[in-house]
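Grab a coffee and open the viewer. Here are a few exercises on how two chains meet and where empty space is left inside.

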Amino acid sequence: MSIRAQGLRTWLWQRLSAAYLAAFLLFSLAGWILAGPWDYVRWRALLTDPVYAVATALFFAALLLHGWVGGRDIVMDYVPAGALRFTALTLLALAVIVMGAWAVVILLLAQIT
Amino acid sequence: MRFRIYRYNPETDTAPRMQDYEVEGLEPTMMLRDALLRIKAQDETLSFRHSCGEGVCGSDGMNINGRNGLACITPLGELKEPVVVRPLPGLPVVRDLIVDMSRFWHHYRSVRPYLIVHDPVPEVEFRQLPAQRDRLDGLYECILCACCTTSCPSFWWNPDRFRGPAALLQAYRFLADSRDQETESRLDELDGPYRLFRCHTIMNCAAVCPKGLNPTRAIHAIKKLMVEHAI
């Protein structure tokens, strides 16, 4: 059994990304609530903090990875193999890439401006 | 007592139909199989599989009021009227309540449901510690009635490639066996996106198993074993 095994690897990524999403959301929500009230200046300051920015970038990466595996599972279950499935998976992959690029742009802009 | 039974004879019927029956003199403690035998006495064209009559052979798995189960251990007193009886879902119908189990047996054979030992066979017996033997409880009792596999949506969606709960329960029965020496190849065989990993923990299998087994737990144990062997 190898960690590169296709089914196992995908399943593990889904589980690990879920754990990170849960942990990030839990800590962030607790932090937001405890450190409130929040205004625009404080939000900007938080997002320019390098540690939080990296953690947020990882959050979006985990979210997109989790979404890709889940979406791929749904397509594999419901869409018959062939051209239709290929199209659905391609559209899903494109959506994930576009959303990933969008998240990168937002995070980079927050750092620059 | 009133019954609505799925009828289909591919040789004479163009489409399946539901046929109503009324049977007198049934007791609540009698089993559905007894009622079906009475119906068959009225109408000998009705076809269904049955054998031991006590939940051991697994022949009379069917869909009873929307839920898979064995007719021989389903008391009539627990069933709402009319009792709607259909063949197990997800498998081709041969006739009436009889389904073609070829696909089910194909998956069962694929997991090599027997011990594979490379060491010389001991002269007396294979030895196991009580704790090693205990690991097989909840696994070896499966009677292969197909109630679990045919109630699994993942099997309905990918019947050719997803092994299904019954075969995966049996796969783990041999993975958990201390005497078996083919763990690696058994795990390798189950990898890929379909054979094992189509299970989404829906747990219909555990809900309908007439022997009270939990294939979902076995599937999870296989995944855990895969992780242990991969890392």
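The exercises below work through a predicted model, starting with the interface and ending with the cavities.

**Exercise 1. Work out how much of chain A and chain B is involved in their contact.**

Step 1: Count the residues on each side. Chain A puts in 17 residues, and chain B puts in 20 residues.

Step 2: Turn to the area. About 1600 Å² is buried between chain A and chain B. Carbon and sulfur atoms give 58% of that area.

**Exercise 2. Find the salt bridges and polar contacts that cross the interface.**

Step 1: Look for salt bridges between chain A and chain B; the rule finds two.

Step 2: Check one of them against the cut-off. The pair needs a Lys or Arg side-chain nitrogen within 4 Å of an Asp or Glu carboxyl oxygen. D77(A) and R198(B) pass, with their closest N and O atoms 3.1 Å apart.

Step 3: Add the polar contacts. Seven residue pairs make them across the interface of chain A and chain B, with both residues at pLDDT 80 or more.

**Exercise 3. Describe the side of chain A that touches chain B.**

Step 1: Pick out the elements. Two or more residues of this side come from each of α1 (6-34) and α3 (50-78) of chain A.

Step 2: Ask which one gives the most. That's α1(A), with six residues.

Step 3: Sort the residues of this side of chain A by class. You get nine nonpolar, three polar and five charged.

**Exercise 4. Locate the largest cavity and say what lines it.**

Step 1: Count the cavities of 30 Å³ or more; there are three.

Step 2: Take the largest cavity, which holds about 100 Å³ of space. Its lining has 15 residues, and those closest to the centre are C142(B), L144(B), C145(B), C148(B) and C209(B).

Step 3: Classify the lining of the largest cavity: 14 nonpolar, no polar and one charged.

**Exercise 5. Do the same for the second largest cavity.**

Step 1: Note the volume: the second largest cavity has about 80 Å³ of space.

Step 2: List the neighbours. There are 14 lining residues, with C152(B), C199(B), I202(B), M203(B) and C205(B) nearest the centre of the second largest cavity.

Step 3: Map this lining onto elements. In chain B, α4 (153-157), α7 (204-208) and α8 (215-230) each supply at least two of the lining residues.

Step 4: Finish with the classes. The lining of the second largest cavity comes out at nine nonpolar, five polar and no charged residues.

Conventions:
Residues are numbered from 1 along each chain as its sequence is written. Chains are lettered from A and ligands numbered from 1 in the order in which they are written. This is a predicted model: local features need pLDDT of at least 70, side-chain atom pairs count only at pLDDT 80 or more; totals for chains, interfaces and linings use all residues. Side-chain values use heavy atoms; hydrogens and water are left out. Contact means heavy atoms within 4.5 Å. Buried area is the accessible area (1.4 Å probe) that two parts lose on being put together, summed over both. A polar contact is a pair of N or O atoms within 3.5 Å; within protein, one must be able to donate a hydrogen and the other to accept it, and residues adjacent in sequence count only if both atoms are side-chain atoms. Helices (H or I, at least four residues) and strands (E, at least two) are DSSP runs, numbered from the N terminus. Ala, Val, Leu, Ile, Met, Phe, Trp, Tyr, Cys and Pro count as nonpolar, Asp, Glu, Lys and Arg as charged, and the others, Gly among them, as polar. On a 1 Å grid over the protein atoms alone, a cavity is a set of points where a 1.4 Å probe fits but cannot get out, and a pocket is an open set with protein on both sides within 12 Å along at least five of seven lines; lining residues have an atom within 4 Å of a point. Grid points are joined across faces, edges and corners, and a volume is the space filled by probe spheres set on the points.
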